Amino acid sequence: MAGEQLSTVLVKPAGPACNMACSYCFYRSKKERFAAPTRMSPQTLETMTRQLLSQSSEELTFSWQGGEPTLMGPDFFRQALQLQRRYRRPRQKIHNAIMTNGFALDTGWCQLFRESNMMVGLSIDGRRELHDEYRSSQHGQPTWQHAVRAARMLIDHGVVTNAVTVATDRSVDHGREIYRFLTGMGFDHLQFVPCVETDLQDPEKLAPFSVSPKGYGRLLCDLFDCWREDFVDRVPSVSVRWLDGVLHHYLGLPPTECTAADSCGKYLVVEHDGSVYSCDFFVDDDHQLGNLHEQSLGAMFHSRAHRDFGRAKGDLPPDCQRCEWLSHCHGGCPKNRRLRSDGRTILCEGYRHFFEYADREMTRLARRWLERMATDPPRQPKVGRNQPCPCGSGKKFKRCCEGT
């Protein structure tokens, strides 16, 4: 991390507060850590923004997460955008992304996202039965209809939207079905997050809703097959974040996801009260770096505690060091190593199954991609079918130039 500058903060403006009660949510337990109400003050928002934009990085990202960040209301985000404009330095490019359950979205929110070019990650776990299994309202009611309604509004408003699906014990055997359901709705950017949580009754076991290592491997293979089937002219027409990252690495480029990197610590987590942590999976006393009202984000990013956290990912057991797939997974997320006594990720068997299944095709795809780049002029960036057409008509690409 020497020489690196902080360029990304993962912000929890409403802390762990949420308007839903998902069974598998790992952040719900953080309510015990913070006093209610958990809302970021204008002072904390301004201090955070000023400190991040004082960094020398030319591109900076605010990733708004929770809990549920839309509990802050649209005016909070308008103020955040105004502060970014105030403190932005020359040549700096600022990105905003928000992760939401979509429960309270309306046209006003969609207009704000579109006008500010804010990327939205929408939580949706597939068809009704799979989604409602673990994603309920505060009153125990199903929420699938709210997620679908939010998806349609976001897509219709031309908001850049990713579908974020939590892979559970129920969904791992429905990878193809979920993929086709989401792409059929109009999503062309998908993210699948493995649910790996401990049982509250027995912390040495997986919670019942968690993915099994074998199940996760099957899911990755099914997603790979669908992703590969949807290639157009030798390039993906649908982005599956983890698979894109794997292909990126086969091309000899740095991993695009922290789980596949050789170290952690590329960003900071800022809680609603200004407390700062190395990772949102480790919001606890042992990993609190300080508070931005007492020391700067830059100082905490370059602190020994944060550097040590990042380097610790490389402390792998001999079995990992000898593994032929180490350069692709780098041991996975450290959070998922705590359930094994040998220090390997609980998902090791799933990763191994996937790479044994997909390695030959990934190698071929990477070789063809590099050959094409050497002989063909660069293509225009891929435009999602439900994104605004680059011709400037204001229409969606699928209804405009795609049909010409």
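Reader: What share of the contacts in the protein with a separation of 6 or more comes from residues 24 or more positions apart?

Author: Worth saying up front: this is a predicted model, where local features need pLDDT of at least 70 and side-chain atom pairs count only at pLDDT 80 or more, while totals for chains, interfaces and linings use all residues. Residues are numbered from 1 along each chain as its sequence is written, and side-chain values use heavy atoms, leaving out hydrogens and water. A contact here means heavy atoms within 4.5 Å. Take the contacts with a separation of 6 or more, and the part from residues 24 or more positions apart is 70%.

Reader: What radius of gyration does the protein have, and why does it count as compact as a globular protein of that length?

Author: The protein holds 13 helices and 12 strands (DSSP runs numbered from the N terminus: H or I of at least four residues for helices, E of at least two for strands). The globule rule (2.2 Å times the number of residues to the power 0.38, with the radius taken over C-alpha atoms) gives 22 Å for 404 residues. The computed value is close to that, so the protein is as compact as a globular protein of that length: 21 Å.

Reader: Which residues have the most contacts inside the largest nonpolar core?

Author: A nonpolar core is a set of buried Ala, Val, Leu, Ile, Met, Phe, Trp, Tyr and Cys residues joined through side-chain atoms within 4.5 Å. Buried means under 20% relative accessible area, exposed over 50%, and partly exposed in between (1.4 Å probe, protein chains only). The largest core has 86 residues, and those with the most contacts inside it are Met48, Trp64, Leu297, Phe354 and Met362.

Reader: And which residues does the second, separate core include?

Author: That one has 11 residues. Among them are Phe34, Val269, Tyr277 and Phe282.

Reader: Is Gly15 buried or exposed?

Author: Gly15 sits in the loop between strand 1 (8-12) and helix 1 (42-53). Leaving aside residues up to four places away in sequence, Gly15 touches Tyr27, Thr38, Gly66, Gly67, Glu271 and His272. Its relative accessibility is 0%, so Gly15 counts as buried.

Reader: What is the omega of the peptide bond from Gly66 to Gly67?

Author: Gly67 belongs to the loop between strand 2 (59-64) and helix 2 (74-87). The bond from Gly66 to Gly67 is cis, with omega near 5 degrees.

Reader: What phi does Arg91 have?

Author: Arg91 is in the loop between helix 2 and strand 3 (93-100), and is exposed at a relative accessible area of 67%. Although Arg91 is not a glycine, its phi is positive, about 75 degrees.
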